[in-house]
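Visitor: I would like a close look at one part of this model, taken slowly and with the cut-offs stated. Please then set that part against the rest of the chain.

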Amino acid sequence: MSIIQCIGGFVTILIFLYIYYSRRNRDELLLINWPIIGILPSFLCHLSDYHDYSTIVLKRYGGTCRFQGPWFTNTSFIALADQMNVNYITKKNCGNYRKGSKYHDIFEVLGGSIFNSDSDDVWKQEKTMFHLVLGRKSFKNMFEQSIQKKVENYLIPFLNDVSEAGAHVDLQDAFNRFTFDSSCMILFGFDPNCLPNKFNQLRKIPYKESLPVMEEVILYRHFIPSSLWKLQKWLNVGQEKKFKVAQEYLDRFLYESITFSHGEEQSKCSDEEMDQCFLGMVKALKNEGYGKGEISEKYLRDTAFTMFFAGNGSISSALSWFFWLLSTYPIVEEKIIQEIKDNWLTQEGNRITLRHVDLDKLVYLHGAICETLRLYPPIPFEHICSIKSDILPSGYHVSPNTTLIYSLYSMGRMEQIWGEDCMEFKPERWISERGDIIHVPSYKFVAFNTGPRICIGKDLSFIQMKMVAAALLQKFHIQVVEGHPVTPRLSVLLRMKHGLKVEVSKRSI
Ligand code: HEM
């Protein structure tokens with residue numbers, strides 16, 4: 001018998017077994033760990049709706065189950081969406097769980113940054129430095145002023161122009177440009193002007209496109225054998241070729257920004273603003289003798305890249321899902337508008353000042369943003385690795401050196417965690433009878449991760465999202481174009497696959 005006949009016979013048996021199983025039990029078919037090829041067929045069938053598929057599987061198996069990859073590929077993992085188990089691995093027994101070597105390989109592009117660090121010394125030192133900078137009053141002021149400037153001088157005029165032209169615009173792209181520019185202002189002290197103030201001045205900017213491409217390839221690296229993607233990388237073909245090109249664009253931009261050697265097209269900030277920007281403060285801290293080692297350009301690049309990776313896409317993704325949900329739930333939009341009317345924000349002449357003390361009064365808006373992050377967490381899953389064998393609180397056994405993936409997306413949709421109405425968008429669930437925001441522990445509301453590796457930028461993210469949402473809702477009614485498909489892109493960041501096409505009309509409240 002020839003090899004082709006053998007393969008043909010094997011495939012026929014698999015098809016027969018597949019049909020046999022599907023007729024016997026449709027539910028069981030959700031997750032069949034086949035001999036040799038493991039979950040590959042189920043996985044391939046559900047590639048386009050991967051997050052929803054994993055959620056259904058995890059619900060079916062009580063929140064914890066094993067996804068067995070093909071033999072000898074090192075792609076098997078334990079999937080989790082059970083808050084007790086997740087609290088255990090991220091907090092109670094976090095000493096036994098690390099990001100691990102597979103994570104470091106997949107996220108190599110982050111360099112020696114805080115995200116990628118497993119060494120307690122380096123991680124603690126970086127974390128303290130982030131806290132020192134983000135906690136400074138001068139940094140917070142600079143942060144708020146940068147967002148305010150960008151909203152007032154670009155985002156609002158841009159959408160005004162769109163409404164006057166009666167055009168359709170991709171709101172996700174506009175938010176992505178907005179967060180890219182504001183991240184640069186905060187990090188480096190200059191605005192690269194990716195978001196113009198006129199609709200017809202939109203131009204394609206390769207370095208701005210880099211992150212979404214890289215995030216997509218990073219997701220593939222999770223699920224295909226590492227030997228395969230490493231070979232692709234070495235041969236510079238396929239997805240890995242796309243990754244390399246995207247990284248080159250972004251790295252060139254970052255190194256030029258660090259040394260400030262761009263052309264003239266950027267709006268430069270004052271020397272004072274430059275000193276107060278994130279990297280300015282990091283350099284000052286290092287010069288004062290904080291932390292070990294020199295401030296090399298590579299270190300500054302890794303820090304800048306981390307800030308982009310952490311903050312830029314997460315915020316633009318959250319804002320896009322927020323406006324899509326409002327378009328789907330007009331009653332929620334009405335309540336937010338009413339809240340803005342009742343508490344409005346300091347009015348200085350014609351100018352609206354978005355101070356965070358005023359934003360704190362917008363409790364319903366806060367609840368709506370939490371609800372968005374629960375249903376559409378920008379980072380949909382987390383990846384860690386066990387050191388020694390362990391037993392999870394649910395009784396599940398974990399062998400040493402096992403990959404565990406906990407799905408933040410699925411955890412936001414579990415009935416055991418959020419109740420029977422978990423699929424509904426209900427900002428009210430975040431508000432107490434007295435009208436305050438209810439504190440929800442981070443192992444339940446996991447969009448910002450939980451345990452020691454919890455997000456450092458959570459408070460700043462809320463300020464930024466509330467500033468943008470309040471300013472836009474006060475000025476515009478944003479409606480998603482009828483029939484526009486909205487589905488998540490297959491990526492480590494929950495962006496929308498087809499963007500968010502919207503129509504904009506002016507509103508005055
Ligand atoms: C909606 C916005 C955001 C969301 C949903 C979010 C979510 C997350 C999540 C899930 C992690 C854990 C990642 C991991 O360990 O693999 C994380 C970590 C981190 N985030 Fe955020 N983030 C957001 C915005 C930001 C912003 C604006 C900044 C910067 C100011 C930031 C800085 C960080 C840093 C430095 C870490 C690493 C913490 C550590 O490893 O100890 N994030 N974030």
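Guide: Aspartate 173, with a relative accessibility of 21%, counts as partly exposed, where buried means under 20% relative accessible area, exposed over 50%, and partly exposed lies in between (1.4 Å probe, protein chains only). The model is predicted, and local features therefore need pLDDT of at least 70 and side-chain atom pairs pLDDT 80 or more, whereas totals for chains, interfaces and linings use all residues. Residues are numbered from 1 along each chain as its sequence is written, and side-chain values use heavy atoms, with hydrogens and water left out.

The partner of aspartate 173 is arginine 177, and their side chains form a salt bridge of 2.9 Å, N to O; the term stands for a side-chain nitrogen of Lys or Arg within 4 Å of a carboxyl oxygen of Asp or Glu. Both residues belong to helix α8 (residues 171-187), where they are four residues apart, about one turn of the helix. Helices (H or I, at least four residues) and strands (E, at least two) are DSSP runs, numbered from the N terminus. Unlike its partly exposed partner, arginine 177 is buried, at 5% relative accessibility.

The surroundings of α8 lead on to helix α14 (residues 297-328), which also holds asparagine 312. Asparagine 312 is buried, with a relative accessible area of 2%, and its C-alpha atom is separated by 8.5 Å from that of serine 182, 130 residues apart along the chain. Not counting residues up to four places away in sequence, asparagine 312 touches Asn176, Thr179, Phe180, Ser183, Leu211 and Met307, a contact being heavy atoms within 4.5 Å. Threonine 306, in α14 too, is buried at 3% relative accessibility; with neighbours within four places in sequence left aside, threonine 306 is in contact with Leu110, Ser113, Ile114 and Phe115.

Returning to the charged pairs, a search of the whole structure finds 24 salt bridges. One of them joins the side chains of lysine 150 and aspartate 191 at 3.0 Å, N to O. This pair links distant parts of the chain, with lysine 150 in helix α7 (residues 137-165) and aspartate 191 in strand β5 (residues 190-191), 41 residues apart. Lysine 150 is buried at 1% relative accessibility, and aspartate 191 is buried as well, with a relative accessible area of 4%.

Another salt bridge, of 2.8 Å from N to O, brings together the side chains of lysine 335 and glutamate 428. Lysine 335 lies in helix α15 (residues 330-343) and glutamate 428 in the loop between α19 and α20, so this pair ties together parts that are 93 residues apart in sequence. Lysine 335 is partly exposed, with a relative accessible area of 38%, and glutamate 428 is partly exposed at 31%. Salt bridges that share partners also join Glu371, Arg374, Asp421, Lys426 and Arg429 into one network.

The loop between α19 (415-418) and α20 (458-475) also contains cysteine 455. Its SG atom is the single donor from the protein to the iron atom of the ligand, 2.3 Å away. Donors are N, O and S atoms within 2.8 Å of the metal (3.2 Å for Na, K and Ca), and water is not among the atoms, so sites may look incomplete.

Strand β13 (residues 476-480) has Phe476, Ile478 and Val480 on a covered face, and His477 and Gln479 on an uncovered one. In a regular strand the side chains alternate between the two faces of the sheet. β13 pairs with strand β14 (residues 501-506) in the antiparallel sense over five bridges, pairing being assigned if DSSP finds at least two bridges between two strands. Within this pairing, isoleucine 478 stands opposite valine 504 in β14.

For the chain as a whole, there are 20 helices and 14 strands, and 53% of the 509 residues count as buried. Of the contacts with a separation of 6 or more, 72% are between residues 24 or more positions apart.
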